[in-house]
Amino acid sequence: MVETLQNLALGFSIALTPGVLFYAFAGCVVGTLVGVLPGIGPLAGISLLLPATFGLDATRAIVMLAGIYYGAMYGGSTTSILMRIPGEAASVMTCIDGYAMARKGRAGAALAIAAVGSYVAGTVSVVALMVLAPPLASFALRFGPPEYFALLVLGLLVLAYMSGGSMLKALAMAALGLLGGMIGIDQMSGYFRFAYGVVELGDGIGVVPVAVGLFGLAEILATAGLATPPSVIKPKLRELLPSRREWSASAWPIGRGTVLGFLIGIIPGSAHIIASFVSYAVERRLSAHPEEFGRGAVAGVAGPESANNSATSGAFVPMLALGVPSGPIPAVMLAAMMVHGVSPGPLLIKQQPELFWGFIASMYVGNVVLLVLNLPLVGVFVNLLRVPYPVLYPSIVVFCILGVYAVNGSVVDVWIMLVMGALGYVLRKLDFETAPIVLGVILAPMIEMALRQSLAMSDGHYGILVTRPIAGALLAVGAVLVLLGLRPLVTRSLDWRAKLALAGTKEERL
Amino acid sequence: MLVAFAALAGSVWGQEPYPSRPITIVVPFPPGGIADLTARPLASALERALRQPVVVSNKAGAAGAVGMQSVAIAKADGYTLMVAVVSISTLPEVDALFGRAPAYRRDQFVGIARLNADPPVLVVGTEWRWRTLKELVEEARKRPGEITYASSGLYGASHVPMEMLLHAAGIRMRHLPTTGGGPATTAVLGGHAALWASPPAIALPHLKSGKLRALATWGESRVAALPDVPTLKELGYDLEYYLWAGLFAPKNLPAGVFKTLRAAARQAVGDADFRAAMARVEMPIAYQDADEFKAWWDKDALILAGVIKRIGKVAEK
């Protein structure tokens, strides 16, 4: 412990030198700007800006990339809350209740809670990263395809908590999403599926164009289609900060989201994406007022946003302790290290203590910088909502197209977004919720790959999914959850969903 | 704006000396991969040789097919170049295997230079008892189809060399395809697969820390960083396979442009900064000029095409 503190002191002595601090700050600012641009999230931001760091020394480059990364995460929640446009898969959940809060005039509160939740999660998970990295990393390695499959099945159960309305409709949308997620090259056989000769569809339909279309564009189309346009929200200055009630409703979700996110984040693969989904489901399950979710429940912002941020720190555990990438973003960071001749791996902490501890310390610094940077900006961002719709909406559409195009330079992605926008509009008119589609598109390729990899490992025997202890335990948890869900059928008691239907309350659409 | 104007001027007068405006190098993969890490220092070195800006543009998608297709149909004026890796030879063969219209054909490109080449290294997790390739092969003979190897992807750059080895040794193993070099390493480190054909740069830190053990390499001679690891040739398998990167252009380049680019590539590869950058990412420079490269590439591609055909459609086995 003393050693850790000494090392941390070393880290801060590096992170607080003016040169390094400058790059941490610059990274945060650039990241925030990139994140605020609709359609561009942390992964796209960090990939686009990676080459800009090649000229720096290793520590500065890593510190700046981490800043861009965190900054883009913060910025992404801004567009999710204000305009219902997610910059990445993980902020999809923030769109739902964050935007609903904004419609109720609580945009400032939602932004502030997202920022504080991210700050708490970021800081706490860095402490966990620092103390627990080596033991946790070897545990994380035991997550092979079967364990991953079991975890994702749990993720699929989250679907049940994503909608407040008809379960049948929600499942239909999820099935549509799962089907959409099948598009692309089958990684296990090499066949093209549903691509109709379009090479660009080889990697499937991207989550970001789908989410931006279904959420952002559909919202704009729906608003434009109203006979009487809604009045422009004019937030008052004193309403910018969350109320005491909102703070207390956020405290536990932030705490739970932090722990949950970190644990899910350390698992190699892209598990961090589902952290925010799982957190949303947990909060709704535990909430005394599940019916508020989807209509601006503050816990629906606080939980997922915290989970999201701590999952990303969690994802650094395998990267720093073992030198294996646990997702696309750590993979880019590893490449950045290699460019600077730092060979990432189990010996990194010993061989490059300045880099490792400088990086850790700069994550503390970055979180503080972002909080200081973003809280005053809440007022500025919220004022965007004062812009009249005829000006605001066309500009948002333009920025969405630019953002989605910029990520891969692909016109096909822009078309996907536009088609999804039209689809989302139609579905809204028919009273379908679109969030389950996005979850389906995200989960389908991951679940399928994990299942088929498991079967490749076992030569086709399904037993591998239950005989391995972690996988078996996770599936057992899933089975218990399903049984709990079925209990009302047997005992004839009513769950929240049924109570909702009985009360005749019509859920506001997501 | 300037670029657009220069392009217009070029098309009107047509006689501009090459190069008179910025050049783009397309990398058909996301930033941070081997092709990208080769292309960026190359671009800086080419800038110094050609005295024009050289810009790297990542055009990723469908395992590289999207970017390669875009270059295949680009104008052959020397302003669109590409850094591609070994998969440029195998993707059309995979398309052919499935009876698809190929995204591009190999003969739509002309190679300007091979830049680097690195033989993969066969690594096993240290919890397995095999200390030599011989022990591994013997066990695989006793338990056909039971030992699992990972790869960075089906028909990918680490699947092909494994198939070559299994075929030469007459053994069968289970194949666990993953989605890249990182996930494949993770699968072996976590014990979910026993081995894989890894690029040396990825394997080195884990070899040093004792989590992985190297049994053989696919090169003609031993890997400099792994002097104790024998080549497959030394072990009696007549196999060679390299992970390489080359600089390409659309075919039918004007002769003068082609000559300029060849000279510039030669100069760039000798550039001290480029050499230092390659050394940092542990990619050994293995320069070949256009003619030598063409002969070598044709031969290599022919072998790889045979391997892809032999693997066949996995789903139908």
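## Exercises on a predicted model

In this predicted model, helix H6 (residues 107-141) of chain A packs against helix H10 (residues 244-265) of chain A, at an angle of about 30° and with the axes 9 Å apart.

**Exercise 1.** Classify the packing of H6(A) and H10(A) as roughly parallel, roughly antiparallel, roughly perpendicular or oblique, and describe the contact.

*Solution.*
1. Two packed helices are described by the angle between their axes and the distance between the axes.
2. The angle here is about 30°, and angles under 35 degrees count as roughly parallel.
3. H6(A) is therefore roughly parallel to H10(A).
4. The crossing of H6(A) past H10(A) is right-handed.
5. H6(A) contributes residues including A:Ala109, A:Val120 and A:Leu136, while H10(A) contributes, among them, A:Glu246, A:Trp247 and A:Phe262.
6. By type, the residues of this contact are 12 nonpolar, four polar and one charged.

**Exercise 2.** State where B:Arg51 and B:Ala63, which have positive phi, lie, and assign each as buried, partly exposed or exposed.

*Solution.*
1. Most residues other than glycine have a negative phi.
2. B:Arg51 has a positive phi of about 55°, and B:Ala63 has phi near 60°.
3. B:Arg51 sits in the loop between helix H2 (34-50) and strand S2 (54-58) of chain B; B:Ala63 is in the loop between S2 and helix H3 (65-72) of chain B.
4. With a relative accessible area of 72%, B:Arg51 is exposed.
5. B:Ala63, at 47% relative accessibility, is partly exposed.

**Exercise 3.** Assign the peptide bond from B:Tyr18 to B:Pro19 as cis or trans, and locate B:Pro19.

*Solution.*
1. Most peptide bonds are trans.
2. Omega from B:Tyr18 to B:Pro19 is near -10°, and the bond is cis.
3. B:Pro19 belongs to the loop between helix H1 (2-13) and strand S1 (23-27) of chain B.

Terms used:
Residues are numbered from 1 along each chain as its sequence is written. Chains are lettered from A and ligands numbered from 1 in the order in which they are written. This is a predicted model: local features need pLDDT of at least 70, side-chain atom pairs count only at pLDDT 80 or more; totals for chains, interfaces and linings use all residues. Side-chain values use heavy atoms; hydrogens and water are left out. Helices (H or I, at least four residues) and strands (E, at least two) are DSSP runs, numbered from the N terminus. Buried means under 20% relative accessible area, exposed over 50%, partly exposed in between (1.4 Å probe, protein chains only). Axes are lines fitted to C-alpha atoms, for helices over the stretch in contact, and angles run from 0 to 180 degrees between N-to-C directions. Angles under 35 degrees count as roughly parallel, over 145 as roughly antiparallel, 65 to 115 as roughly perpendicular and the rest as oblique. A crossing is left-handed if the near helix is turned anticlockwise from the far one by less than a right angle, and right-handed if clockwise. Contact means heavy atoms within 4.5 Å. Ala, Val, Leu, Ile, Met, Phe, Trp, Tyr, Cys and Pro count as nonpolar, Asp, Glu, Lys and Arg as charged, and the others, Gly among them, as polar.
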